[in-house]
Amino acid sequence: MRAAVLNEARSPMTIDELTVADPGPGEALVKVIAAGVCHSDLHFIEGTYPARMPTVLGHEVAGVVQEVGPGVTNVQAGNRVIIGFVQPCGHCEFCDAGRPNLCAVGGGVRDLRNDPALLRGDDPVTAMTNVGGFAELSLTPASGLLKIPDAVGMDVAALVGCSVMTGYGAVVNTAKVEPGTTVAVIGTGGVGLNIIQAARLAGARRIIAVDIAEHKLQYARDFGATDGVDATAGDPVQQVHELTGGGVDYAFEAIGLKQTAEQTYGMARRGGTAVIVGMVPPADQIEVSGMIWLEEKTLKGSFYGSGRFHTDMPRILDLYLAGKLDLEGLVSKRFPLDEINEAFDALRSNEVARSVLEIGAE
Ligand SMILES: NC(=O)c1ccc[n+]([C@@H]2O[C@H](COP(=O)([O-])OP(=O)(O)OC[C@H]3O[C@@H](n4cnc5c(N)ncnc54)[C@H](O)[C@@H]3O)[C@@H](O)[C@H]2O)c1
Ligand SMILES: [Zn+2]
Ligand SMILES: [Zn+2]
């Protein structure tokens with residue numbers, strides 16, 4: 001099968017022929033139809049986060065199950081699915097506590113070092129988050145798969161696999177935004193736009209979008225932002241304080257920078273909550289005032305929207321089918337797999353809301 005392989009950081013991906021193993025216990029082989037181009041992939045391309053190379057990135061994916069391995073009961077060949085980038089084990093302390101996104105065990109049993117899922121010639125190739133969606137096929141633990149209705153397009157389903165679940169979940173699960181409150185979102189890309197539309201759905205009375213690109217602020221208004229702050233036109237924290245008279249109830253960071261993470265904390269009012277969604281580099285320290293105790297602020301991380309996938313993803317799809325979440329509007333460009341490097345150039349230059357790679361046909 002063909003796949004886009006990242007051979008080293010800060011280099012273009014190459015389209016290579018790989019062999020994929022047959023599905024083992026608990027695994028499914030999925031024909032990839034659509035894969036979103038997410039900034040999390042870009043962190044690995046740019047080397048902000050480490051990855052074992054060579055690797056196939058791609059974690060925002062939808063496809064059709066081709067074959068399942070022994071013991072798989074939740075899906076069967078022919079099912080249309082979202083491929084989740086966390087594959088919960090279902091029985092660890094976190095899974096049991098209703099926090100499958102934090103599952104530390106995982107649903108895979110394959111010994112990836114001695115029995116790799118992917119080979120290029122005789123050499124092993126790793127797959128991002130056991131998905132490796134920038135490829136014609138994904139061999140993945142089946143516990144991460146979620147069946148989707150025929151009415152949902154594959155491009156939309158792919159986005160639910162990361163940016164929509166992440167943004168919606170940060171609002172609904174992590175922050176639990178209440179009606180009538182105020183929200184600020186720094187970074188209005190694929191994830192930020194979903195934070196904005198979920199905050200609108202949750203009944204926030206004011207949603208302030210903060211970005212450095214004017215056309216991104218326009219997208220943000222289309223998705224429900226009530227105000228736009230141009231971060232290049234003076235201190236964004238001060239601008240948000242002026243707009244709100246002292247800060248917002250909930251502030252979200254959706255870029256992945258120390259500076260904007262600290263700005264998010266600064267935008268939260270007394271008693272407010274700052275939620276870090278962006279992948280801030282692992283070595284960076286987020287610094288906040290020692291007066292956190294007096295101001296009673298909360299600083300929280302949010303991973304995969306604190307998602308309970310089998311509850312949240314069907315709800316998200318129903319909200320979309322009912323016209324309450326705009327998922328089609330997120331897709332501003334489509335590329336074939338061969339143009340993956342151009343797709344990442346478009347993300348890097350902040351040109352698109354989200355782009356989708358159209359990899360296979362149903
Ligand atoms: N927590 C999770 O589970 C999770 C899941 C998915 C993505 N992420 C992370 O979320 C972040 C956003 O992902 P995305 O795909 O939406 O990215 P994106 O590139 O689509 O969007 C980033 C936005 O930030 C804006 N921006 C850049 N620098 C800025 C600054 N200094 N001030 C204000 N705006 C600025 C850009 O114009 C762009 O609109 C990334 O770090 C990604 O890795 C986290
Ligand atoms: Zn992602
Ligand atoms: Zn678990």
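**Domain packing, zinc site and salt bridges**

In this predicted model, Ala184 is found in strand E12, which spans residues 182-186. Ala184 counts as buried, its relative accessibility being 0%, and, when neighbours within four places in sequence are left aside, it is in contact with Ile208, Val240, Val248, Tyr250, Ala251, Phe252 and Met267. One of these partners, Val240, is 56 residues away from Ala184 in sequence, with 7.8 Å between the two C-alpha atoms. A second alanine, Ala261, lies in helix H7 (residues 258-267) and likewise counts as buried at 0% relative accessibility. With residues up to four places away in sequence not counted, Ala261 touches Glu253, Ile276, Val280 and Ile286. Between the C-alpha atoms of Ala261 and Gly36, which are 225 residues apart along the chain, the separation is 24 Å.

The domain assignment of the protein chain gives domain 1, made up of 2-147 + 327-358, and domain 2, covering 167-302. The centres of the two domains, taken over C-alpha atoms, are separated by 29 Å, and the contact between them takes 14 residues from domain 1 and 15 residues from domain 2. About 1200 Å² is buried between domain 1 and domain 2, and carbon and sulfur atoms give 62% of this area. On the side of domain 1, the residues that lose the most area to domain 2 are Tyr49, Leu330 and Asn350, which together account for 40% of what that side buries. Across the interface of domain 1 and domain 2 the rule finds zero salt bridges, whereas four residue pairs, both members at pLDDT 80 or more, are found in polar contact.

Helix H1 (residues 39-46) gives the most to the side of domain 1 that touches domain 2, contributing three residues. Because six of the eight residues of H1 are buried, this helix is largely enclosed by the rest of the structure. The buried residues of H1 are Ser40, Asp41, Leu42, His43, Phe44 and Ile45, and what covers them includes strand E4 (27-36) and helix H10 (340-348). Just after H1, Gly47 takes a positive phi of about 85 degrees. Within the helix, Ser40 counts as buried at 16% relative accessibility; with residues up to four places away in sequence not counted, Ser40 touches His59, Met128 and Met279.

His59 is also a donor at the metal site. The protein donors of the zinc ion (ligand 2) are Cys38 (SG), His59 (NE2) and Cys162 (SG), which lie 2.0 to 2.3 Å from the ion, and along the chain these donors follow the spacing C-x20-H-x102-C. The pair of His59 and Cys162 links distant parts of the chain, 103 residues apart, with His59 placed in the loop between strand E5 (55-56) and strand E6 (61-68) and Cys162 in helix H3 (residues 154-175). Both of these donors are buried, His59 with a relative accessible area of 2% and Cys162 with one of 3%.

Side chains of opposite charge can pair when their charged atoms come close. By the rule applied here, the count for the model comes to 18 salt bridges. Arg2 forms one with Asp338, the closest N and O atoms being 2.5 Å apart. Arg2 lies in strand E1 (residues 2-5) and Asp338 in the loop between strand E18 (331-336) and H10, so this pair ties together parts that are 336 residues apart in sequence. Both residues count as partly exposed, Arg2 at 30% relative accessibility and Asp338 at 48%. Arg2 and Asp338 are further linked with Glu136 in a network of salt bridges.

Strand E18 also holds Arg334, and helix H3 holds Asp155. The side chains of Arg334 and Asp155 meet in a salt bridge (2.8 Å, N to O), a pair that links parts of the chain 179 residues apart. Here Arg334 counts as partly exposed at 42% relative accessibility, whereas Asp155 is buried, with a relative accessible area of 18%. A further salt bridge joins the side chains of Asp227 and Arg206 (3.0 Å, N to O). Since Asp227 lies in strand E14 (residues 227-230) and Arg206 in strand E13 (residues 206-211), the pair ties together parts that are 21 residues apart in sequence. In this pair Asp227 is buried, with a relative accessible area of 14%, while Arg206 counts as partly exposed at 25% relative accessibility.

Methods: Residues are numbered from 1 along each chain as its sequence is written. Chains are lettered from A and ligands numbered from 1 in the order in which they are written. This is a predicted model: local features need pLDDT of at least 70, side-chain atom pairs count only at pLDDT 80 or more; totals for chains, interfaces and linings use all residues. Side-chain values use heavy atoms; hydrogens and water are left out. Donors are N, O and S atoms within 2.8 Å of the metal (3.2 Å for Na, K and Ca); water is not among the atoms, so sites may look incomplete. Helices (H or I, at least four residues) and strands (E, at least two) are DSSP runs, numbered from the N terminus. Buried means under 20% relative accessible area, exposed over 50%, partly exposed in between (1.4 Å probe, protein chains only). Domain bounds come from an automatic or database domain assignment. Contact means heavy atoms within 4.5 Å. Buried area is the accessible area (1.4 Å probe) that two parts lose on being put together, summed over both. A salt bridge is a side-chain nitrogen of Lys or Arg within 4 Å of a carboxyl oxygen of Asp or Glu. A polar contact is a pair of N or O atoms within 3.5 Å; within protein, one must be able to donate a hydrogen and the other to accept it, and residues adjacent in sequence count only if both atoms are side-chain atoms.
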